[in-house]
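Work through these exercises with the model open beside you. Try each task before you read its solution.

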Amino acid sequence: MKTIDFILNGKPIRSELSADRRFLDVLRKELGLTGAKEGCGEGECGACSVLLDGKIVQSCILPLASVDGKTVMTIEGYKKTKKFKAIETAFLKEGASQCGICTPGMVMATEYLLKNNPAPSYDEIRHGLSGNLCRCTGYNMIFNAIRRAAKEGEGLW
Amino acid sequence: MKRDISKSIDNVEGREKISGEAIYTSDITMEGMLYAKTIRSTIAKGRIRHISIPSMPKGYYTVDAADIPAENYVHMLHEDWPVFAENSVNHIGEPIMLIVGPDKEVIKDIVGDVKITYDEQTPVFDLSDSHKALEFTKGNPKHAFKKAHKIITYDYETSYQEQTYIEPQGFIGYPENDGVTLIGSIQCPYYVKNAVKTTMGMDDDKVRVIQAAVGGAFGGKEEYPSLIGCQLAVAVAKVGKPIKLVFEREEDMEVTTKRHPAKIHMEAAVDETGHIRGIRSHIGIDGGAYMGLSQVVLSRGMLAVTNAYTIDHVNCKGDVYLTNTVPNGAFRGFGAPQMIFAIEMFINHIAEDLGENPLEYKMRHMAAQGDLTATGGVFRDPILLNEMLETIMEDSAYHEKHKAYQDPDVFKGIGMSWFLHGCGFTGSGEQEKIRARIRLKKDDKDDVHILIAAVDMGQGPKTTMRKLVASLLEIPIENVHFKNPDTRYVTDSGPTVASRTMMVVGGLVARATRKLSEQWVSGQELVVEESYRQPDYVKWDQDTMTGDAYPAYSWGINVTEVAVDPNTYEVKVKDMWNIYDVGKAIDERVVLGQADGGQAQAVGYATLEKMEHNAGKLLQKNLTDYIIPTAADTPRMHNKLIDNPYPLGPYGAKGAGELTLVGGAPSVALAIEQAIGRRIYKIPATPEHLMELMNHEDH
């Protein structure tokens with residue numbers, strides 16, 4: 001049987017599950033990592049965002065086969081980093097999380113945004129987050145949090 | 001000097017939510033847990049002739065009306081909404097049966113193999129079948145209209161709005177102590193508990209309801225979870241194992257309650273000076289297939305008929321019409337956004353018809369302290385609208401922009417609305433229906449535990465309640481605890497709805513905290529309770545709908561600036577300036593966060609969020625078709641709060657959550673009116689709708 005091998009949060013994983021399994025289900029059900037959330041199951045809301053070889057992807061529309069030979073970072077791995085600490089503090093101080101269901105995905109989207117643009121303008125942040133829906137905050141406090149993370153975490157990205 | 005209570009602290013749930021550690025319903029698994037999937041009606045109205053069920057693999061079950069031990073209705077205000085359809089169906093998506101078993105894929109196959117035949121009947125989709133009519137009168141509107149110099153009449157229309165919480169509805173149920181325990185994504189643990197008790201015929205100690213982390217609700221998890229909670233309880237009792245029932249997005253959007261579409265007729269009797277002497281109004285709301293909470297939604301809508309204006313003579317009628325469509329229900333604002341859209345547009349349209357400056361015209365009718373409300377109650381507390389208006393006009397540069405955007409070629413506009421929102425349940429509802437009880441417990445380590453049924457669904461009561469108690473006792477917030485409610489341990493402090501949590505429940509918590517402080521003996525366990533007492537001054541007659549509809553009102557003003565693309569008619573809502581009187585914010589950032597979120601939902605309601613049905617089938621059923629504001633769409637928000645402490649609220653706090661949504665749509669719509677030079681009578685003002693308006697010569 002063909003296995004699927006990938007690096008998840010720094011650790012090698014060998015999976016014998018069916019290659020067409022949704023990667024979000026593999027994370028949540030098989031590996032017990034529930035930080036990525038299912039909001040829509042169709043790649044629209046971004047609550048399930050993870051980083052695949054450093055790129056932001058929606059794990060609810062990602063077949064397991066797509067991660068073969070690649071590196072995946074989820075919130076569970078990311079939360080151990082210094083960059084996460086900067087984002088966490090900024091999100092807390094700016095009130096960027098309300099119900100929290102979109103927040104892990106927002107954090108992953110923030111990492112992707114800042115990695116590519118360590119000092120984004122408001123418009124760049126708007127564009128960068130447009131794949132992640134939030135119904136609670138109206139986004140403004142998230143924008144401010146990202147500006148704060150970029151400033152206070154200067155040099156990390 | 002004591003620290004100002006409004007000064008923000010970090011949200012106490014922030015870290016677990018940001019790190020993804022908070023546990024939502026779908027994150028929970030239990031040993032031996034089964035899954036459930038719902039089989040639903042595919043027709044809008046008819047009799048169920050036959051249900052053919054395939055042979056079931058071992059370990060798979062059907063659960064339907066025949067399995068209900070006691071009552072087949074969802075205990076709410078009425079008894080018309082079945083837990084499972086029995087014999088007949090009244091809307092597409094109505095639940096008929098659950099398929100329960102260990103493997104979701106097998107369940108899906110079984111669901112596909114269940115065949116139901118119907119004798120179809122003629123469904124009703126128009127607003128013709130009234131199941132509840134309400135009416136109230138202030139002054140002598142007949143006389144006012146008879147004597148009117150001019151009568152001005154317009155009709156307004158609002159559409160569905162989907163709550164679109166990012167976490168779909170769900171529960172896990174399991175058997176416990178010969179009863180059933182449910183963990184779910186809910187706003188109102190005791191609504192679910194009481195509904196399950198009724199359907200199961202179970203005693204109080206047999207039903208336990210626990211709140212998991214809630215990924216947004218906005219009213220959508222007020223009454224609807226009672227329906228699925230009852231279904232799951234029936235299933236758990238039959239199967240005897242833990243069962244998880246979590247909706248997928250499409251299912252959630254197709255079958256759960258939404259904001260009621262409304263048609264609102266407005267008439268004004270205007271005297272020689274241009275003053276509005278009387279208003280007559282009729283609001284019809286589409287309740288969908290079952291009454292649910294529609295009667296109360298209608299009532300709150302009607303009570304907003306004169307919004308923040310004083311009109312001496314008023315007659316307001318309203319009807320809940322039932323149709324063969326998905327039942328509609330609670331959504332932040334609860335009837336008020338529909339009516340406030342109508343009245344705000346109406347006042348502006350009257351002013352324009354009379355050749356008056358709309359702002360000055362509105363100001364001449366503005367409600368003031370001591371004035372009578374639409375139902376003849378009294379605005380007892382100070383109204384700071386004038387001060388608020390002055391601030392927001394300056395902040396938004398309203399006058400300059402309003403003048404500049406008179407140029408039809410710039411396709412820009414600025415709009416303004418002001419509004420009130422009654423705090424807590426209508427009339428004597430708190431006293432007669434809810435009768436909130438709260439409990440505080442001090443343990444032998446002198447830590448205080450808040451034992452209330454209020455749910456933190458993002459709006460922050462975990463933070464604000466702990467802050468309130470810690471502040472009153474002058475102890476660190478770390479020594480005050482507030483866990484997700486579990487009906488085994490917390491009293492029924494009422495539902496987490498109606499902007500009542502801080503003003504009403506927080507008011508009781510503050511009272512209990514003072515009691516605790518008086519009786520405090522270090523190292524000793526101590527429990528104190530408080531229950532709701534209606535303020536003596538509140539006089540309300542439910543039959544005639546007269547008197548004080550609410551004990552207090554919160555107030556707000558929204559100013560919105562838009563740009564409309566002259567080719568595509570796409571509306572860009574650029575900025576919103578907003579100011580609110582919520583009495584006193586227990587935490588400024590929490591209230592400002594409510595403001596940003598409520599306003600974004602109002603922008604969606606006014607411009608983007610189109611939902612329609614075709615013969616009872618919703619056409620928008622996922623996030624591709626139903627558009628909520630994204631980070632790219634949301635306006636820049638400029639929010640302010642003004643202190644106006646309410647004597648009976650904790651530290652002066654009034655309601656905040658709904659206020660930030662109820663008046664936004666007309667401010668957006670008025671800005672669009674200026675940008676395109678056409679009047680708007682209907683929302684959402686989508687590009688398609690604006691194109692229709694632009695292509696219409698008469699305006």
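**Exercise 1: Domains of chain A**

Chain A is divided into domain 1 (4-74) and domain 2 (81-152). The model is predicted.

Task: find how many residues of domain 1 of chain A are in contact with domain 2 of chain A, and describe that side.

Solution.
- Start with the spacing. The centres of the two domains of chain A, taken over C-alpha atoms, are 21 Å apart.
- Next, list the contacts, using C-beta atoms within 7 Å. Domain 1 of chain A contributes 13 residues, and domain 2 of chain A contributes 12.
- Look for the main contributor on the domain 1 side. Strand S3 (residues 49-52) of chain A gives the largest share, three residues.
- Sort that side by class. It has seven nonpolar, five polar and one charged residues.

**Exercise 2: Domains of chain B**

Task: mark the domains of chain B, then describe how domain 2 of chain B meets domain 3 of chain B.

Solution.
- Mark the bounds. Domain 1 of chain B covers 32-122 + 169-246, domain 2 covers 262-426 + 547-695, and domain 3 covers 429-531.
- Take the centres over C-alpha atoms. Those of domains 2 and 3 of chain B are separated by 33 Å.
- Now take the contacts. Here 22 residues of domain 2 of chain B meet 20 residues of domain 3 of chain B.
- Classify the domain 2 side. It holds 12 nonpolar, seven polar and three charged residues.

**Exercise 3: A sheet in chain B**

Task: work out the strand order of the four-stranded open sheet in chain B, then place the helices that lie across its strands.

Solution.
- Read the order: S19-S18-S17-S20 of chain B, with mixed pairing.
- Pick out the edges. Strand S19 (480-481) and strand S20 (526-531) of chain B each pair on one side only.
- Check one pair inside the sheet. Strands S17 (residues 437-442) and S18 (residues 448-451) of chain B are antiparallel, with four bridges. B:Leu440 faces B:Ile450 of S18(B).
- Add helix H13 (residues 461-473) of chain B. It crosses S18 and S19 of chain B, at about 135 degrees to S18(B).
- Add helix H14 (residues 501-519) of chain B. It lies across S17, S18 and S20 of chain B, at about 145 degrees to S20(B).

**Exercise 4: Where the chains meet**

Task: which elements give two or more residues to the side of chain A that touches chain B?

Solution.
- Count the contacts. Chain A brings 39 residues and chain B brings 42.
- Assign the chain A side. The elements are helices H2 (75-78), H3 (82-94), H4 (103-116), H5 (122-128) and H6 (140-152) of chain A.
- Finish with the classes. The chain A side has 16 nonpolar, 14 polar and nine charged residues.

Definitions and conventions. Residues numbered from 1 in each chain as written. Chains lettered and ligands numbered in written order. Predicted model: local features only at pLDDT ≥ 70, side-chain atom pairs only at ≥ 80, totals over all residues. Domains from an automatic or database assignment. Contact = placed C-beta atoms within 7 Å. Nonpolar A, V, L, I, M, F, W, Y, C, P; charged D, E, K, R; others polar. Pairing = 2+ DSSP bridges. Axes fitted to C-alpha atoms, helices over the stretch in contact; angles between N-to-C directions.
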